[in-house]
Amino acid sequence: MKHAFYIPNYDILVDSPIEIGNHEVISFEAAGVPHEVVMYGATDYNPEQIKRDLTKIVESATAIFGENPNEKYIFFLHHGERDAGGLEHMNSTVLGLSRWAYQYKNSYDHFLALAAHEYFHLWMVKRLKPVELEHLDYDRENYTDMLWLMEGITSYYDQKIMLRAGFYDETEFLNNLLDEMSDVKNTPGSRVQSLTEASFDAWIKYYRRDENSNNSQISYYTKGTIIGALLDLKIISSSGGKYSLDDVVYQLYHQFYKKEEKGLTGDDFKKAAEQAVGSSLDQFFDDYVYGTTDLDNEKYLKLAGIELIDLNQTINDKSIGIWYSASACGLEVSQVIRNSSAFDNGLNVGDELIAVDDYRINEENFDQLISRYKVGDRATFTISRNGIVRSISLEIRKNTSVDYSFEMTKNPGKQQEKTYKVWMGK
Ligand SMILES: [Zn+2]
């Protein structure tokens, strides 16, 4: 019967999106597997371009693992007013996209990177999975401290696939990575919560954010992406270009999922990475995965002859350390950054900033008003807290956030050149 489906067990049933409607269907074959793209919701796209570009994504991802696990694969694309993320399944994915996603390079790249991310999950998460997620209990939360690996390393690979498939050039790839590095460095929570803690607490923290989240949490997606890059650089450099992180994920998939049919622990991953590096990674994992030591991005990028530059170093930006939105009488504080002047001097989330010394504050003039002071000056702010007007004195400090960029080393050594080439897939 054409419309009768057999589902072998409950896990597969709940992992299988079922849609009925008048979707537009694009069919193509990639990596020897029939693929379908099914389009739901008003949108505007070029089917030939989508076929061609998703073929590149599928083939680049498949090349990493040496085989494609599917007999058939479906991309369900739901179009709405704005992007809405994606979810991976055993042999399909559902992506929520802005209906105009295909019109501009940035949004089109976002679509392809999201497709690459969910496609990489076919191997990492849907097949090679943490021991704790092997047998799911649908009645309660399932905890694992490995989301940094499952989501972070996958996020690193969506970028690597975009580079290899030719959608990003080397500069775009590096700039995206440096944006993530800036982001982690500028998030005080990275010095409070480790990657394993962030993974374990995802149920109660990552998906339930509040005004203090940036002070107390780090995204296992963002920091996990960087961990992927640093490990990749370390493996390529210390093996003289013989191995890369690709060999680690390849080996783990084939050993744990294919051969031994069992789940993965964080220690298994560490051991496989150590084999590729040829030495212990105790310090690396203690500092960056189980611990909250600041990432030494400079050191690892240098392995590939890349010099990290902080564009903010030369700008004398000032700050009191808040995020805000416009309010009826000035600005309302939405976040107070840990260890900033606002934090140390008792400004609170929800306080309304009305004036600084003799001047009324608004969204447009706030930066200008602050920049009039010298670093170390104190300014008196008139605020409203809970409807009571009062004054608070704040020290004006230098804005310590970073904005990373890069330069290539002038005279790179042979090993640096080799590492860069292998990293870029040349
Ligand atoms: Zn994911």
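The exercises below, each with a worked solution, concern a predicted model of a protein with a zinc ion. Residues are numbered from 1 along each chain as its sequence is written, and side-chain values use heavy atoms, with hydrogens and water left out. Because the model is predicted, local features need pLDDT of at least 70 and side-chain atom pairs count only at pLDDT 80 or more, while totals for chains, interfaces and linings use all residues.

**Exercise 1. Describe the donors of the zinc ion and their arrangement.**

Step 1. Donors are N, O and S atoms within 2.8 Å of the metal (3.2 Å for Na, K and Ca), and since water is not among the atoms, sites may look incomplete. The protein donors here are NE2 of His117, NE2 of His121 and two OE entries of Glu151, at 1.9 to 2.8 Å from the zinc ion.

Step 2. The angles among the four donor atoms run from 51 to 149 degrees, and the site is irregular. Four donors would count as tetrahedral if all angles lay between 85 and 135 degrees; four count as square planar and six as octahedral if opposite donors are over 155 degrees apart and all others between 65 and 115, and anything else is irregular.

Step 3. The spacing of the donor residues in sequence is H-x3-H-x29-E. Distant parts of the chain are linked in this way, with His121 in the loop between α3 (105–120) and α4 (147–164) and Glu151 in helix α4, 30 residues apart; helices (H or I, at least four residues) and strands (E, at least two) are DSSP runs numbered from the N terminus.

Step 4. Buried means under 20% relative accessible area, exposed over 50% and partly exposed in between (1.4 Å probe, protein chains only). His121 is buried at 0%, and Glu151 is buried at 10%.

**Exercise 2. Locate the largest nonpolar core relative to the domains.**

Step 1. A nonpolar core is a set of buried Ala, Val, Leu, Ile, Met, Phe, Trp, Tyr and Cys residues joined through side-chain atoms within 4.5 Å. The largest one holds 96 residues, of which Phe75, Phe269 and Trp423 touch the most other members.

Step 2. Helix α4 gives the largest share of this core, 10 residues. The core lies between domain 1 (10–106) and domain 2 (147–312 + 415–423), because both give residues to it; the domain bounds come from an automatic or database domain assignment.

Step 3. A second, separate core of 20 residues includes Val336, Leu347, Tyr373 and Ile396.

**Exercise 3. Determine how the buried residues of α15 are placed and covered.**

Step 1. In α15 (residues 414–423), the buried residues are Gln416, Thr419, Tyr420 and Trp423. They lie on the same side of α15, because they cover an arc of only 100 degrees around the axis, the arc being that of the directions from the helix axis to the C-beta atoms.

Step 2. Their cover includes α4, α5 (170–185), α8 (220–238), α12 (297–302), β6 (306–310) and β15 (404–408). Contact means heavy atoms within 4.5 Å, and among the residues that Trp423 touches are Tyr156, Phe173, Leu233 and Ile306.

**Exercise 4. Examine the positive phi values of Asn339 and Asn386.**

Step 1. Most residues other than glycine have a negative phi. Phi is near 65 degrees at Asn339 and near 60 degrees at Asn386.

Step 2. Asn339 is in the loop between β9 (331–336) and α13 (341–344), and is exposed at 56% relative accessible area. Asn386 is in the loop between β12 (378–385) and β13 (388–395), and is exposed at 77%.

Key:
Lists of a residue's contacts leave out its neighbours within four places in sequence.
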